[in-house]
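Here is a walk through one protein model, strand by strand and helix by helix. Keep the sequence and the 3D view open while you read.

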Amino acid sequence: MSTETILVLDFGSQYTQLIARRVREQNVFSVVRPFNIPIRAIQALNPKGIILSGSPANVYQKKAPLPDERIYALGVPVLGICYGLQVTAHLFHGRVKKIKRREYGFVRLNADVRDDLFHGLPKEMKCWMSHGDQVYRLPSGFERIAHTRTSSIAGFRDRSRRLYGVQFHPEVTHTPLGHKIFHNFLFRICRLRGDWTPQSFIRETVRSLKEQIGDEHVVLGLSGGVDSSVAATLLHRAVGRRLHCIFVDNGLLRLGERRRVRDTFRGHFRMNLRICDASREFLKALRGVEDPERKRKIIGRTFIKVFEREAKKIGRVSFLGQGTLYPDVIESVSFHGGPSSTIKSHHNVGGLPKKMRLKLIEPLRALFKDEVRRVGRVLGLPKELIHRQPFPGPGLAVRILGVVTQGRCDLLREADWIVIDEIKRAGLYHKLWQTFAVLLPVKSVGVMGDERTYEHVAVVRAVTSEDGMTADWARLPDTVLTAISNRIINEVSGINRVCFDISSKPPATIEWE
């Protein structure tokens with residue numbers, strides 16, 4: 001990107017990606033790289049500021065994750081958060097040591113200096129702490145700018161070199177004024193313009209795609225969801241009729257999905273679209289498989305196999321386009337080699353074979369879901385499509401716990417359609433991040449028409465979220481839950497019990513597998 005960039009160095013915090021989001025919310029582009037990225041690579045990025053993330057590590061331990069000290073000599077502002085503050089203190093010969101009692105949760109912060117990082121903020125504010133170490137002695141040239149009852153140094157700065165640090169986490173929603181702290185760092189300290197917008201992203205991405213693809217052809221797996229739809233529209237702008245969309249009916253889709261995709265993209269967008277019914281192939285590959293990771297990888301490999309087979313029918317195709325998003329990459333692998341842990345593999349990341357004939361191209365790889373939706377609006381995609389709730393790449397396979405069969409897919413498809421239908425009737429669809437049904441690998445005893453039944457159990461999952469990285473279970477009205485339960489039990493032959501999932505992410509994930 002030619003726009004202004006903030007570099008976020010990842011030391012292994014689960015909050016690292018939230019830092020990137022908070023920066024982007026201010027119309028400033030951010031990238032995440034591992035803490036040990038070479039200094040030359042940092043210089044090539046030409047960042048206008050650097051943010052150091054938190055970490056579960058301790059700066060005084062052997063082999064502690066430490067950045068190249070030359071980042072402080074680049075002449076750009078640096079903001080350390082939690083462990084990032086301790087890293088700065090440690091490298092400038094301050095003193096960091098373990099505290100007797102870990103400080104975790106809401107804390108009252110006292111701002112001692114309010115002329116740059118805390119400009120316009122109250123002297124006292126609520127913040128979120130999560131640390132077991134503390135800075136006990138400031139490095140030479142630094143001054144304290146904030147404290148709490150238990151942290152005598154909760155923030156510091158070396159104003160002349162524009163080096164800052166906070167012990168708390170301004171990136172989490174539990175720090176209500178955190179966004180203003182980021183605003184001050186970006187615009188008062190880094191002096192940025194804030195020119196990263198959906199329009200600028202589209203211009204840069206289309207230009208980059210044209211350069212990367214040249215005169216070659218691209219095949220894209222179109223699912224009909226917002227991610228693949230926005231990716232297809234960007235690619236279509238870049239290469240026109242040299243984009244060939246393939247919709248694969250893998251037998252794991254929502255009710256009526258094939259017809260919906262055909263009408264939208266052949267009719268409305270007039271794109272090249274091939275429809276391939278590979279449902280038997282996928283179900284055969286999944287036969288007897290219960291492990292969710294195996295399911296994802298099998299589906300990923302089968303997708304590529306189908307794509308490559310269909311691409312041969314098209315002719316000369318060199319690229320495979322995908323709607324991979326930032327959270328997909330974050331949860332599948334340690335992003336850009338950083339120390340964050342793998343949570344699960346996504347079919348369009350971790351399930352790809354090591355050797356592919358097609359070259360992968362992912363225009364949305366750097367975006368979060370809400371950013372993709374903003375881009376989609378600017379591209380002119382229909383509102384109904386843009387605001388469609390996320391659907392996992394592996395489809396119903398990761399919502400059917402245990403083995404995947406045609407019969408179980410049909411059961412879940414009907415139950416899922418009822419859940420969505422009732423949520424829409426209640427006017428809740430666009431207020432929720434995701435709503436769906438899950439089929440459990442157990443049966444339960446029931447009574448219907450004075451007769452004993454022994455049938456499947458369905459679970460309703462509904463969550464609220466901003467980006468899918470964290471989520472809370474939705475407090476659905478009793479009337480909605482009652483309507484969903486009654487309809488599933490009465491209309492879906494084979495299900496006699498409906499449960500409601502009240503787990504948040506973390507510790508649970510949104511999907512069950």
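A residue counts as buried here if its relative accessible area is under 20%, as exposed if that area is over 50%, and as partly exposed in between, using a 1.4 Å probe and protein chains only. Helices (H or I, at least four residues) and strands (E, at least two) are DSSP runs, numbered from the N terminus. This is a predicted model, so local features need pLDDT of at least 70 and side-chain atom pairs count only at pLDDT 80 or more, while totals for chains, interfaces and linings use all residues. Residues are numbered from 1 along each chain as its sequence is written, and side-chain values use heavy atoms, with hydrogens and water left out.

**A covered helix and its surroundings**

Start with helix α3, residues 83-91, where 8 of the 9 residues are buried. Those buried residues are Y83, G84, L85, Q86, V87, T88, A89 and L91. Their cover includes the strands β3, β4, β5 (95-111), β6 (124-137), β8 (155-158) and β9. After α3 comes H93, with a positive phi near 70°.

Now look at strand β4 (residues 78-81). V78 and G80 on one side, and L79 and I81 on the other, are all buried, so to speak on both faces of the strand. Two strands pair if DSSP finds at least two bridges between them. By that rule β4 runs parallel to strand β3 (residues 49-52), with 3 bridges joining them, and L52 has G80 of β4 as its bridge partner. Strand β9 (residues 163-166) also pairs with β4 in the parallel sense, over 4 bridges. There, G80 has G165 as its bridge partner.

**Strand β1**

How many of the 6 residues of strand β1 (residues 5-10) are buried? The count is 6 of 6, so the strand is largely enclosed by the rest of the structure. T5, L7 and L9 point one way, while I6, V8 and D10 point the other way. The partner of β1 is strand β2 (residues 29-34), which runs parallel to β1 and is joined to it by 6 bridges. Within that pair, L7 sits opposite V31.

The parallel strand pairs mentioned here, together with one from the next section, look like this side by side:

| Strand pair | Bridges | Residues paired |
|---|---|---|
| β1 and β2 | 6 bridges | L7 and V31 |
| β3 and β4 | 3 bridges | L52 and G80 |
| β4 and β9 | 4 bridges | G80 and G165 |
| β11 and β12 | 6 bridges | V248 and C276 |

**An open sheet with helices on it**

Further along the chain you'll find an open sheet of 5 strands with parallel pairing, in the order β12-β11-β10-β13-β14. The edges are β12 (272-277) and β14 (359-361); each has a single partner strand, so one side of each is left without a neighbour in the sheet. From one strand to the next, the twist averages 30°. Axes are lines fitted to C-alpha atoms, for helices over the stretch in contact, and angles run from 0 to 180 degrees between N-to-C directions.

Strand β11 covers residues 243-249 and is joined to β12 by 6 bridges, with V248 opposite C276. Helix α5 packs on this sheet, touching β10 (218-221), β13 (319-321) and β14, and its direction makes about 170° with that of β14. Contact means heavy atoms within 4.5 Å. Helix α9 (residues 292-314) lies across β10, β11, β12 and β13, and runs at about 135° to β11.

Back to α5 (residues 198-213): its axis comes within 9 Å of that of helix α11 (residues 369-379), and the two cross at roughly 80°. That makes α5 roughly perpendicular to α11, a label for angles of 65 to 115 degrees; under 35 degrees counts as roughly parallel, over 145 as roughly antiparallel, and the rest as oblique. On the α5 side the residues are P198, Q199, F201 and I202, and they meet R374, V375, V378 and L379 of α11. The residues of this contact divide into 6 nonpolar, 1 polar and 1 charged. For that split, Ala, Val, Leu, Ile, Met, Phe, Trp, Tyr, Cys and Pro count as nonpolar, Asp, Glu, Lys and Arg as charged, and the others, Gly among them, as polar.

**Two buried charged side chains**

R461 lies in strand β16 (residues 451-464) and is buried, with a relative accessible area of 1%. What does the side chain of R461 reach at 2.5 Å? That is the backbone oxygen of S503, and the backbone oxygen of T509 is reached at 2.9 Å. A polar contact is a pair of N or O atoms within 3.5 Å; within protein, one must be able to donate a hydrogen and the other to accept it, and residues adjacent in sequence count only if both atoms are side-chain atoms. Beyond neighbours within four places in sequence, R461 is in contact with residues including Q434, F436, W473, D501 and W512.

E422 belongs to helix α13 (residues 406-425). With a relative accessible area of 11%, E422 is buried too. Leaving aside neighbours within four places in sequence, E422 is in contact with A483, I484 and R487.
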